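These are my notebook entries on one structure. I set out to look up its salt bridges, a helix packing and its nonpolar core.

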Amino acid sequence: MPYVGESKPVYGYLMDEDENFIIDEEAAPVVKQIYSLCLAGNGPTKIARMLTEQEIPTPGTLEYRRTGSTRRYHPGYECKWAANTVVHILENREYTGCLVNFKTTTQSCKCSKIIYNSEDKQAIFENHHEQIIDRDTCSSSFNRTVIGTFRTSFSDFSLLIFLNPPVLFFFLRGIQGLSPE
């Protein structure tokens with residue numbers, strides 16, 4: 001199915017000359033590895049550390065090498081993965097073959113603050129492109145490891161909840177005075 005709207009392919013996909021999403025043979029194995037590590041019980045921070053140790057180029061580095069875009073490229077940190085990058089990959093439905101449009105909006109044309117749309121306001125096109133991760137694997141990894149991400153308007157921090165049986169750990173970053181119990 002051809003390109004719909006203003007979507008750009010996520011890490012793991014490329015766009016062919018007909019504007020169809022095709023699997024990126026260099027990045028797709030990394031996406032599969034991230035999901036596999038997650039299902040094995042590893043959290044985003046540990047997965048990021050493992051990818052860094054393996055010296056796997058980050059999505060921003062690959063984008064820079066292919067297009068010259070410095071938007072997400074950090075010189076000197078070409079293979080330094082961040083936990084939030086892993087979280088974004090684990091939360092992304094597009095690896096199951098869905099195209100998701102209208103994930104964000106703005107309050108008005110005068111205010112450029114980004115607002116995340118609820119799923120009922122998004123346009124989701126099932127079976128839009130070949131999947132890297134099957135829906136069951138995606139759902140299992142999401143439910144097992146990353147249950148939720150929250151952000152405040154004044155600080156960009158995440159609440160990550162990891163479910164490593166038999167204990168549920170809450171890892172809070174960016175909140176002074178609170179710690180996992």
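**Entry 1: Salt bridges**

I began with Arg-93, which is partly exposed at 28% relative accessibility. I note at the outset that the model is a predicted one. I then looked up the partner of Arg-93 and found that its side chain forms a salt bridge with that of Glu-119, at 3.4 Å from N to O. This pair links distant parts of the chain, 26 residues apart. Arg-93 is in the loop between helix H4 (83-91) and strand E3 (99-101), and Glu-119 is in the loop between strand E5 (114-116) and strand E6 (123-125). I recorded Glu-119 as exposed, with a relative accessible area of 52%.

I next searched the whole structure and obtained 7 salt bridges. One of them joins the side chains of Asp-24 and Arg-66, with 2.5 Å from N to O. Asp-24 lies in the loop between strand E2 (21-23) and helix H1 (28-39), while Arg-66 lies in helix H3 (residues 59-67), so this salt bridge ties together parts that are 42 residues apart in sequence. I checked the accessibility of both partners: Asp-24 is buried at 4%, and Arg-66 is partly exposed at 40%.

I also looked up Lys-103 and found its side chain in a salt bridge with that of Glu-94, at 3.0 Å from N to O. Lys-103 is partly exposed, with a relative accessible area of 35%. Glu-94, in turn, is buried, with a relative accessible area of 3%. I then asked which residues are joined through shared salt-bridge partners, and found one network made of Asp-24, Glu-26 and Arg-66.

**Entry 2: Glu-63**

I located Glu-63 in helix H3. Is Glu-63 buried or exposed? I entered it as buried, because its relative accessibility is 19% and the cut-off for buried is under 20%. I then listed its contacts, leaving aside neighbours within four places in sequence: Glu-63 touches Gly-68, Ser-69, Arg-71 and Arg-72.

**Entry 3: Packing of H2 and H4**

Two packed helices are described by the angle between their axes and the distance between the axes. I therefore looked up both values for helix H2 (residues 44-53) and H4: the angle is about 110° and the axes are 8 Å apart. Why do I call H2 and H4 roughly perpendicular? Angles of 65 to 115 degrees count as roughly perpendicular, and the angle for H2 and H4 is about 110°.

I then took down the residues in contact. From H2 they are Pro-44, Thr-45, Ile-47, Ala-48 and Leu-51, and from H4 they are Ala-83, Val-86 and Val-87. I sorted this contact by class and obtained 7 nonpolar residues, 1 polar residue and no charged residues.

**Entry 4: Nonpolar core**

In soluble globular proteins, nonpolar side chains tend to be buried together. I looked up the largest nonpolar core here and found 26 residues in it. Those with the most contacts inside this core are Tyr-11, Ile-34, Trp-81 and Tyr-95. I noted E2, H1, H2 and H4 as the elements that give two or more residues to this core. The largest share, 7 residues, comes from H1.

I closed with Tyr-95 and asked which residues it is in contact with, leaving aside its neighbours within four places in sequence. I listed Val-10, Tyr-11, Tyr-13, Val-31, Tyr-35, Ile-89, Gln-131, Ile-132 and Ile-133.

How values were computed
Residues are numbered from 1 along each chain as its sequence is written. This is a predicted model: local features need pLDDT of at least 70, side-chain atom pairs count only at pLDDT 80 or more; totals for chains, interfaces and linings use all residues. Side-chain values use heavy atoms; hydrogens and water are left out. A salt bridge is a side-chain nitrogen of Lys or Arg within 4 Å of a carboxyl oxygen of Asp or Glu. Helices (H or I, at least four residues) and strands (E, at least two) are DSSP runs, numbered from the N terminus. Buried means under 20% relative accessible area, exposed over 50%, partly exposed in between (1.4 Å probe, protein chains only). Axes are lines fitted to C-alpha atoms, for helices over the stretch in contact, and angles run from 0 to 180 degrees between N-to-C directions. Contact means heavy atoms within 4.5 Å. Ala, Val, Leu, Ile, Met, Phe, Trp, Tyr, Cys and Pro count as nonpolar, Asp, Glu, Lys and Arg as charged, and the others, Gly among them, as polar. A nonpolar core is a set of buried Ala, Val, Leu, Ile, Met, Phe, Trp, Tyr and Cys residues joined through side-chain atoms within 4.5 Å.
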